[in-house]
Amino acid sequence: MKLCMIGTGYVGLVSGVCFSDLGNDVICVDKNFNKINQLKNGKIPIYEPGLEELVLKNYKNKRLSFSTDLKESVKKSDIIFICVGTPTKKGENGADLSQIYNVAKEISTSINKFKIIITKSTVPLTTGDEIEKIISKKNNKKKFSIVSNPEFLREGEAIRDFIYPDRVIIGTNEKKSNRILKNLYQPLISKGAKYINTSRRAAELIKYASNAFLATKITFINEIANLCEKTGINVEDISIGMGLDKRIGGRFLRAGPAYGGSCFPKDTKAIITTADKFKTNLSVIRSVIKSNKNRSSLLLNRVNEILNKKIKNKKITFLGVTFKANTDDMRDSSSQIMIPSLSKKGAIIKYFDPTGQKNEFKKLKNVFYSKTIKEAVEGSDLVIIHTEWNDFKSINFKNLAKSKKFIIYDMRNIYSSDKIQNQGFKYYSVGK
Ligand code: UGA
């Protein structure tokens, strides 16, 4: 099939490349000339394990191409995926849909034969209805079909999540589009993915409800972890004990710092705004947002206690600053709250992240990037394991702390406290 992906961020690029790997002809379009040029030269603008190899392979065999010409690309394609960003509106909680509607307007002038136009970007309930209105201003309704097909890709695991999804959701009431899209996804369905056809609005809501539920699950276990800390219980026992109940499930029950990234914080706020529009109070999600906002302060209080309320001039190391492992994404990472706050209180901070130095910290006083773990922890009073990179999972702390023993605060519960304490380190973790 001939596909066009509009927007070459995580969603558009990963989905486009994976669709081309499944044998489709895919044009990835972006208005950013530099990005498209880079891609044509085999340079990948985002950090995503396994992506580069797939891009090179499919670009070479000519199933994948890149273009800045939206109109021509739409004309050449049967199925158009809209994959542009839907960030939070400045100063508000709702999603900014201007990129979506601009793209819809451009598509509306390029419909030369029947097209299926799909929102893969996360778009609020009724966005599909709006797109349909925009496109029908210039086109007969028989010449296009607007479908919602939300993505469920995790950064850092995006290719695996694309190839082995739990489910494929297709939101359309039109039989023809449903048949064509089932055919497009058949290779994944054959491998076990469940294919679900719903109304367009339902598909839009499934995406938000899923992200909001996962954010709720994490926030729930984070609050239980707070109780565990006060009562000498190991939160991991709780996660296992709860997670084995099939109705609950064990995934996304890892306690840690506040959840972050480009999706959960943005989507929880956006679904509240949508619900407000329909005069519905999503009070559970509201309190999840509040609890998660409060979480960085709670963890900072613990840092303060660990250091006997003396932060000033203390040398603190952060291992990992991205919002999770296997990504270079800093968006809404809790390190962006913790590091500036500790620096303000007079701490001297060194950080190491496998994805390198971060612009976010360049202007902060007494915050320094270290090129290696060894350099980062040298002379430190407190080492905070902030992100669960594999690089941090088997550190020989004894070897690294030759001159001075530091305290370890493992915010991802990577290590066993007995093992680390036996090596003579003071060790703190989350929910224990
Ligand atoms: C999330 C969803 O998991 C994807 O299904 C969805 O497609 C994507 O948003 C999106 O809407 O595009 P992502 O933001 O890449 O994916 O990251 P997650 O792996 O879900 O992690 C989000 C945050 O939750 C991270 O800060 C992570 O550290 C935290 N987390 C996750 C926990 O604290 N505990 C857990 O058990 C799991």
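**Close-up views of a predicted model**

D332 lies in the loop between β9 and α14; helices here (H or I, at least four residues) and strands (E, at least two) are DSSP runs, numbered from the N terminus. This is a predicted model, in which local features need pLDDT of at least 70 and side-chain atom pairs count only at pLDDT 80 or more, while totals for chains, interfaces and linings use all residues. Residues are numbered from 1 along each chain as its sequence is written, and side-chain values use heavy atoms, with hydrogens and water left out.

**View A. Two loop residues, D332 and N313, have a positive phi.** Most residues other than glycine have a negative phi. For D332 the angle is near 50°, and for N313 it is near 65°. N313 sits in the loop between α13 and β9. Are these residues buried or exposed? N313 is exposed, with a relative accessible area of 54%, and D332 is partly exposed at 48%. Here buried means under 20% relative accessible area, exposed means over 50%, and partly exposed lies in between (1.4 Å probe, protein chains only).

**View B. Helix α14 has buried residues that pack against several neighbours.** The helix covers residues 335-344, and its buried residues are S335, M338, I339, S341, L342 and S343. Which elements do they pack against? Their partners are helix α13 (283-306) and the strands β9 (315-319), β10 (348-352) and β11 (367-369), where contact means heavy atoms within 4.5 Å. After α14 comes G346, with a positive phi near 95°.

**View C. M411 is a buried loop residue.** Look for M411 between β13 (407-410) and α17 (417-422); its relative accessible area is 0%. Leaving aside residues up to four places away in sequence, M411 touches A255, G256, P257, L299, V303, M338, I384, I385 and V430. One of these, M338, is also among the buried residues of α14. How far is M411 from I337? The two are 74 residues apart in sequence and 15 Å apart in space, C-alpha to C-alpha.

**View D. D129 and R200 form a salt bridge.** Their closest N and O atoms are 3.0 Å apart. Because D129 lies in helix α6 (residues 127-136) and R200 in helix α10 (residues 200-231), the pair ties together parts that are 71 residues apart in sequence. Both partners are buried, D129 at 18% relative accessibility and R200 at 13%. Together with E132 and R201, they are linked in a network of salt bridges. A salt bridge is a side-chain nitrogen of Lys or Arg within 4 Å of a carboxyl oxygen of Asp or Glu, and by this rule the count comes to 22.

**View E. E72 and K75 meet in a salt bridge in helix α4.** The N to O distance is 3.8 Å. These residues are three apart, about one turn of the helix. E72 is partly exposed at 36%, and K75 is partly exposed at 32%.

**View F. R247 and D245 meet through their side chains in a salt bridge.** Here N and O are 2.8 Å apart. R247 is exposed, with 76% relative accessibility, whereas D245 is partly exposed at 25%.
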